[in-house]
Amino acid sequence: MYSQKLLRRTVLQAALGGGAFFLLPRIARAADSIAGDAEPEAFSFEGLTERARALAEAAYRPPEIEEAEILEEVDYDRHNEIRFRQDRALWGDEPASSQVRFFFPGRYFKQPVHIHALKDGMATEIPFSLDLFDIPADNPARRLARTDGFAGFSVMDAETGLDWMAFLGASYWRTSGYSGQFGLSARGLAIDTAIPDGPEEFPLFTHFWLEPETDSGMTTYALLDSPRATGAYRIVSRRGAGIEQDVTAHIFMREGVERLGIAPLTSMYWFGKNSPHIAPDWRPEVHDSDGLEILTHTGERIWRPLNNPPHTMANAFSAPSVKGFGLMQRERNFEEYQDDGVFYEKRASAWVAPKGDWGDGAVTLVELSTDDEIHDNIVAFWQPAVPPGPGEEYRLDYRLSWLEDSPLAGSTGQFVAVRIGAGGVPGQPRPQETVKIVCDFAPVSLESGDKPHLDITASRGVVSNDAVYPVVGRPTWRAMFDLGFGGPEELMPRDDSPIDLRVFVARSEDAVTETLLLQLFPAQLRALLASRP
């Protein structure tokens, strides 16, 4: 595991990094379709792949942005004045179960995105037009005359008129998951996220081809382009208990990359049960996701609660031939959030399941320090063991599931809460610089008469007072232990280097829970202890 310190992202950068989905308009059902006058052209995924390959062999050409000075005037407030016309939805007059509306460009989305409708193997581009939108008379957007692309698009259910998927900003997309509530984001590719020399590169989906499904989904094809990579993507989306997407990505490297992120997920974690002292907010918890889950090729399940660290952290978890990983939202109780505006308890978990063997690599988790919920500060992706060089190619297939819980739930004991407080024994003098770590878990194979024990490995510090027992009157068990993090400088440096813990519950020699990984920072632990009376 390793860390890097980076400059903090601004509010604007965080908004763009999360796809700026706060700009999603909420308008009623659109009824009639729109049709472009462009001549249809034959389309195939094989042809798109060859186009991406040829693009990678040529020098990168940034997208031409027409009328950038006018788009700069379409700021957050002016952008929110613009509404897509309800009667101009794509496929609005056809029996497709999904219809498409388009996002207007502006200050935060200047790059033009070209969108095509697919039918019977023929693609017709949807031309950008001011006539597709209701624009106030004094809005600077009315002066656009040469802009030829949209900012992105959203997909809505034809019956309810509610959005269930949206592509907006760089290569980001989101879905409404199992509950109808948007939360974390996926994206096509991450390049050099949180490397010391930076900056991060955000590849763009520059062209889309959309094909409706008659039942409950849509197939989205996308061309990705950036200074160091290109790609052809096919995303087959189906709706059911949640939303499942079968993703095929053909990636071509223009140049070498230090850290290539495959199947990246982006989320927000401000504070939770393990870190209430981080924020002065009145709510008990605020996060879109509360942990990273990994299924290794050996079948080991790993659970890593998310942090809001004092500085940017990047941790790599070795995962050759990884079977799955995801950013999960395990806490589903409204009482733990008390937010009746954004409903964090309804945010979907996102699970990536590779199809085939992705080879040697690691699941990388990047955590940025944040002081508000408007920042997307969490990124997770799979990273090949060997950084790619110029001319290298990847063909990767995976299933991306937006569900209430991990597909692995119930296969072994699952940690459901981690809390941290003052260490020691009640009624006795409390030891200095010692915290108590309390881990509740839902067992699968334990009986009331069992006597399981904790298996704990700490990178440094002193572990004591460990115990495992069933919680009275509850279906859960509790594992707890003390961690002393003080001591001589040579044992516990004062530079706030993290303490890494690996914990699982065992019966005899057999693990009965997933493996819990914790990363703690002495400065934050001292602040926690100082906040207690």
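The charged end of Lys346 sits over the ring of Phe343, 4.6 Å from its centre. For Trp303, the charged end above the ring belongs to Arg330, at 3.5 Å from the ring centre. Here "over a ring" means that NZ of Lys or CZ of Arg is within 6 Å of the ring centre and within 35 degrees of the ring normal.

All this comes from a predicted model, in which local features need pLDDT of at least 70, side-chain atom pairs count only at pLDDT 80 or more, and totals for chains, interfaces and linings use all residues. Residues are numbered from 1 along each chain as its sequence is written, and side-chain values use heavy atoms, with hydrogens and water left out. As for pLDDT (the predictor's confidence in each residue, from 0 to 100), the protein chain averages 90, and 91% of the residues score at least 70. Over residues 1-33, though, pLDDT stays under 50.

Next, the aromatic rings. Rings of Phe, Tyr and Trp (its six-membered ring) pair if their centres lie within 6.5 Å; planes under 30 degrees apart count as stacked, over 60 as edge-to-face and the rest as tilted. That rule gives 25 aromatic pairs. Take Phe128 and Phe133: the ring centres are 6.2 Å apart and the planes meet at 40°, so this pair is tilted. Phe133 also pairs with Phe150, again in a tilted way, with 6.5 Å centre to centre and 50° between the planes. This second pair links distant parts of the chain, as Phe133 lies in strand 7 (residues 133-134) and Phe150, 17 residues apart from it, in the loop between strand 7 and strand 8 (152-157). Helices (H or I, at least four residues) and strands (E, at least two) are DSSP runs, numbered from the N terminus. Both Phe133 and Phe150 are buried, meaning under 20% relative accessible area (exposed is over 50%, partly exposed in between; 1.4 Å probe, protein chains only). Phe128 is buried too, at 14%. Phe84, Phe102 and Phe104 join these three in one aromatic cluster.

Then there is helix 2 (residues 45-56), whose end C-alpha atoms are 17 Å apart. That agrees with the 16 Å expected for 12 residues, the expected span being 1.5 Å times one less than the number of residues. Its buried residues are Phe45, Leu48, Thr49, Ala52 and Ala56. Seen down the axis, they fall within an arc of 100°, so they line one face of helix 2; the arc is that of the directions from the helix axis to the C-beta atoms.

Conventions
Contact means heavy atoms within 4.5 Å.
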